[in-house]
Amino acid sequence: MATAEQQVEMTTSQKDILSRQSRISETVNAGLKSRYRSEARFRAYGAGAIVLALVMLVLLFVTIIGKGYTAFVQTELQLTIATSGEALGIGNDRDAAALNRADYQAQIKASLRDMFPDVTGRKERRDLYGMVSDGAAYALRDALAENPALIGQKVTLQVPVASDIDMLHKGQIDRTVAEAERKVNDFQIGIYDRWVSMGTIGLHFNTALFTQGDSRQPELAGIWGAAVGSFYTLIVTLALSFPIGVAAAVYLEEFAPKNRWTDLIEVNINNLAAVPSIVFGLLGLAVFLQFFGMPRSAPVAGGLVLTLMNLPIIIIASRAALKSVPPSIREAALGLGASKLQTILHHVLPLAMPGMLTGTIIGMAHALGETAPLLMIGMVAFVVDIPMTPMDSATVLPVQIYLWADSPERAFVERTSAAIMVLLAFLVTMNAAAVLLRKKFERRW
Amino acid sequence: MLKKTLALAVLATVATAGAAEARDTIRIVGSSTVYPFSTVVAENFGKSTSFKTPVIESTGSGGGIKLFCAGVGTEHPDIVNASRRMKKSEFETCDKNGVKDIVEVRVGYDGIVIANAKAAPAFDVTREQLFMALAKEVPQGDKWVANPYKKWSDINPSLPNEEIEVLGPPPTSGTRDAFTELVMDAACEKLPAAKALKDAGDDKTLKQKCQSVREDGAYIEAGENDNLIVQKLGANQTAVGIFGYSFLEENADKIKGAKVDGKEPTFDNISSGAYPVSRPLQFYVKKAHIGTIPGIQEYLNEFTADKAWGPEGYLADKGLIPMPDAERAKYKEAATKLKTLTAGDL
Amino acid sequence: MPDGPYLGNAQFMQSLALILVVLVLAVVGFRFGRGQSIKVVEGNARRLHSLPGYHGLYVALWCGGPALILLAVWLSLEPTILKHLVLGALPTEMLQKPDGSPLGVARLELLLNDIRNTAAGNVASTANAYIQDAAARYQSLQQTSYAAMAVVVLSLAVAGAAWAFRFIHADFRARNRVEMIIRGFMIACSMVAILTTVGIILSLLFESMRFFAVVPVTDFLFGLDWSPQMALRADQVGSSGAFGAVPLFLGTLLISGIAMAVAVPVGLLSAIYMAEYAPRKVRAVVKPLLEILAGIPTVVYGFFAALTVAPAFRGLGESIGLDVSSESALAAGIVMGIMIVPFVSSLSDDVITAVPNSMREGSYGLGATKSETIKRVIIPAALPGIVGGVLLAVSRAIGETMIVVMAAGLSANLSVNPLEAVTTVTVQIVTLLVGDQEFDSPKTLAAFALGLVLFMVTLALNVVALHVVRKYREQYE
């Protein structure tokens, strides 16, 4: 249009056009500066948005690592215990039953009294006893159970201190605050300083964190129980969702006739993928627990709920993987006389498998981090024992994080962060595996 | 191979899906106030015996007793913790559902504290002021009107000039019941308007007026998680919380207790009974389950051992206020001889 | 009370072993079947209708299938039968109350639990001689049952294999049969998704109906008061039991709105930058980094919001004289926004890159700058797709649970002030259902009604969004 017009005008009055052109370029030039500015501005907005998102990511990681790295070590006290049958309350009995009923706590208290004979007041003694964790008694019990002959001798053990003293040692309790405002009183700080000068207190790797189940005492609490629970839950999820997901994807992508029914299934699957996870929890509660009477808090039920939640993700990923296999492969196989199923099982599926596995791993990572639906089916109970089978009561890692995050003890803050780091490490590993898998087997057709 | 994996997976589900193991773990429900004590006992019990560690859920005393009384059988809890005594009506529900033999074990005392953040102004309230702050309707003259108080200072100028925002337990909680009884009822009965109702013999209205808690947002039912209340108090300077003394002791660096009727909530004041809002803590055991769920008797023994609930025991370290020797002896006997509760006891 | 199969640890292992044996048999059957098919055609596999492998598979399926089904049925029936046998053998006085009336079902269940525990070697406190006997009997019955099961299952496996084996001849259409079975299995699998939806709708509807029988729908949907903690006993005074969900809806909208106010601009702008401006290298680094944000579990965001962001906002508010609640909608909303950023950006990225290059080039050719092209050409062209993506993000924000459970409030304030604490639908569902659940009180059932609303709203959003996105894709394909 414009050119035609110009041509017409050119024939009528060239001069007029020249002036017009210069006027146009003038206006264009005049506007150019502001247009370039707006261009630069827009570009900066974009870059700013990305930087903002990345800053948040960094902030998140810095906070969590900054809060949590100290949880990987635990303050321990070197305690020399003069064991005796009297102090343990078992006299001369040394059999298993006696060892079971022995009062190890009293023995620990006795050895603390020996350590500080000058501490006599009732309140002071209580404060002193409170500085050593209940874990000391368990450590002593384990040592004596292993070798009952030690009773009557001096035993030197590394025992965990109470979480407040742990916090003090890690510098997270401010000594300058007024005594009433802090959890450790002046007397306890005095004792602690004496321990420091004696050289009996120090940091050691926090084995409890990786070997124990939950506990009300932060210094004894661990994530192993939750990790095992997560493992069982994921095993159930994987065993169900992968085969079902792949079979459903193959059917929908390769076999299903295009009709209303399959359309409905397709829309339905896409929708399910976007249904809030808590709704799956409600489903699990109403159907698996109420209707089928499955045990509360059990990884089996958790696994089933996560399976239902995960299936759409796996089906969608698997279908995409199947779609990316070019039709020429199918046509070649069919042309050579393979049946439809043979074509798919022998040719298409192996080519699509990396894509399917990637999708599955991502889905499993998703399931590993899921919390809300599991709250609905009671996986929030206080479970100390490590679950032995998928039918035992258990929690999972993210629920453990949730439970600890709600605990008032300051020492749980760092342990929560440590648990988050462990969970993130698992997730990063899984996602990295998915990326590697994709990189390694990705084909461009 | 794929097909076989599939078959195996499907089968494994079918086989395991409905599986219910023989229950060999004690299940405990109930009060969030007793929860920290009972988890410590459970941990010690699990670590020092060959039995499994009991699984404990914090459901509130009322909610717990309801679950407990639902019946006898493996799917019902064995023990319920309660921060108030079982009500007669609950005992009757239990009885109706076949839960006939119940053993009551009192474990110690606990004060209900009114606490707020360390940095917030100190509170020194009377029970009557608490009633005025929390009741749904308060008397003005001889008429009952919807609670008009927005700020504490509206009730009495000596109180802080801050909005009334109280985080407290819901009706499922025993702390709520005890609070209603010890604060709301006690304060209400002294009011002339309530006396008038009482004289008129209108007990139903009296109860309604005395026990209803306001619902205009000043009283927030914070669920069964006392830890959560503590967390929220630490972050919110104007809020006041209602919970058990042990949580105050555990968090003495973050929150402080208010004086009630001029008495500080301290260990000594509560155990001497000087602090007006204290109540006994107890748990109830289903006798029918003893001997069929392993470890219940041993759990009772652990709980009632002096190393646990004694004056020097580990529960005292957690904030439980021990009972006097005679009372301990009485409940120790109840626990070992499994003395059952009768309706007359309540 | 359901009487599920009782699987002790040992029995679990035994059953697993049996399954493995059956599978081994199936493999053996496969080999035999394949061998036989070659044998019947004297090594000339081309005479066979189906490849030898299919004959093998056919045998294997007949070998494993019925045997495994039988095993499952056996395991699910065994406990009931064992229960009757064991309890039946107990002396009558064990099955009676002291007054001579028979024990109830629950008591029998307890008795059985005791017997099972004793049988499994768990120390029960008071095992009398009868219980010991019964436990021994239980154990021996269990062993007998296992032995019988093993014999029956294995013979069925062999019989199945033999049955299929007879069919093997040159013209036998083994492949078609095997394919039919596999196909049936695949159809069943794709039904699971439908069943899930049906399950969700039915369970939510069923419990919600019970709720609406007590609380009128209109009160629930339009009521302004939310106070679900009703009295527990007749002699207790609780809340009035108001179930007006408007404050929850409003709170949910407020928090989701804040989240979207963060996520949409940041997500969209970063997607534009990545698609149009970023050099390849930057893209290769930044994209996976943003994906990390998407992969972080929500409970971690919740922890971050509750422990870092909320106190920070509170401090900030205090320093400029604003009263910011420690559970402000702002903190929860912003953290939720961060969580959704990668979601918005990856969806928008897809949409923007799908805009045909010819449109860009046309615009450049007319002298437009890059940003002008983006604003005037690409965004309008990609708008339906972007809107669809945003709608999906909204549905995610509404359904998000852990962040709000950990960082938002519990009190149902009817407020749109982002500095105040509000509560959301998901928070209330969690509060109502964690802890005690009584399926006869409106309190518990209310959670299902909230779930139903949540499901319906997100479903509507998803359907619209997916429809829009699909339409948009078709436009440029």
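**Exercise 1.** Is the crossing of α8(C) and α10(C) left-handed or right-handed? Describe the geometry and the residues of this helix pair.

*Solution.* The model is a predicted one.

Step 1. Identify the helices. Helix α8 of chain C spans residues 280–295, and helix α10 of chain C spans residues 329–354.

Step 2. Consider the axes, which come within 8 Å and cross at roughly 125°. Angles from 65 to 115 degrees count as roughly perpendicular and those over 145 as roughly antiparallel; α8(C) and α10(C) are therefore oblique to each other.

Step 3. Assign the hand: the crossing of α8(C) and α10(C) is left-handed.

Step 4. List the residues that meet. From α8(C) these are C:Leu290, C:Glu291, C:Leu293 and C:Ala294, and from α10(C) they are C:Ile338, C:Val341, C:Pro342, C:Phe343 and C:Ser345. By class, the contact has seven nonpolar residues, one polar and one charged.

**Exercise 2.** Characterise the interface between chain A and chain C, and then one helix pair that joins these chains.

*Solution.*

Step 1. Count the residues in contact: 68 in chain A and 71 in chain C.

Step 2. Find the main contributor on the chain A side. Helix α2 of chain A, residues 14–68, supplies the largest share, 17 residues.

Step 3. Sort the chain A side by class. The side that touches chain C holds 50 nonpolar, 15 polar and three charged residues.

Step 4. Turn to a helix pair. Helix α14 of chain A (residues 299–323) packs with helix α5 of chain C (residues 174–214) at an angle of about 135°, and their axes are 10 Å apart. The two helices, α14(A) and α5(C), are therefore oblique to each other, and their crossing is left-handed.

Step 5. Name the contacting residues. A:Leu308, A:Leu311, A:Pro312 and A:Ile315 in α14(A) meet C:Val192, C:Ala193 and C:Thr196 in α5(C). This contact comprises six nonpolar residues, one polar and no charged.

**Exercise 3.** Which residues of chain A does the UniProt annotation "transmembrane region" cover? Examine the secondary structure of two of these spans.

*Solution.*

Step 1. Consult the record. According to the unreviewed UniProt entry, the annotation covers residues 42–65, 223–252, 272–292, 298–322, 361–384 and 418–437 of chain A.

Step 2. Examine residues 42–65 of chain A. This span is 100% helix and 0% strand, with its end C-alpha atoms 35 Å apart.

Step 3. Examine residues 418–437 of chain A. Here the end C-alpha atoms lie 28 Å apart, and the span is again 100% helix and 0% strand.

**Exercise 4.** State the domain division of each chain, and analyse the contact between the two domains of chain B.

*Solution.*

Step 1. Chain A is assigned domain 1 (74–204) and domain 2 (224–441). Their C-alpha centres are separated by 46 Å.

Step 2. In chain C, domain 1 covers 9–172 and domain 2 covers 242–476. The C-alpha centres of these domains of chain C lie 51 Å apart.

Step 3. In chain B, domain 1 is made up of 26–109 + 280–345, while domain 2 covers 111–278. A distance of 28 Å separates the C-alpha centres of the two domains of chain B.

Step 4. Count the contacts in chain B: 18 residues of domain 1 touch 19 residues of domain 2. On the domain 1 side, the largest share, three residues, comes from helix α3 of chain B (residues 61–68).

Step 5. Sort that domain 1 side by class, which gives five nonpolar, 11 polar and two charged residues.

Note on methods
Residues numbered from 1 in each chain as written. Chains lettered and ligands numbered in written order. Predicted model: local features only at pLDDT ≥ 70, side-chain atom pairs only at ≥ 80, totals over all residues. Contact = placed C-beta atoms within 7 Å. Helix = DSSP H or I, 4+ residues; strand = E, 2+ residues; numbered from the N terminus. Nonpolar A, V, L, I, M, F, W, Y, C, P; charged D, E, K, R; others polar. Axes fitted to C-alpha atoms, helices over the stretch in contact; angles between N-to-C directions. Parallel < 35°, antiparallel > 145°, perpendicular 65-115°, else oblique. Left-handed = near helix turned anticlockwise from the far one by under 90°. UniProt positions renumbered as here; feature names shortened; annotations may be inferred. Domains from an automatic or database assignment.
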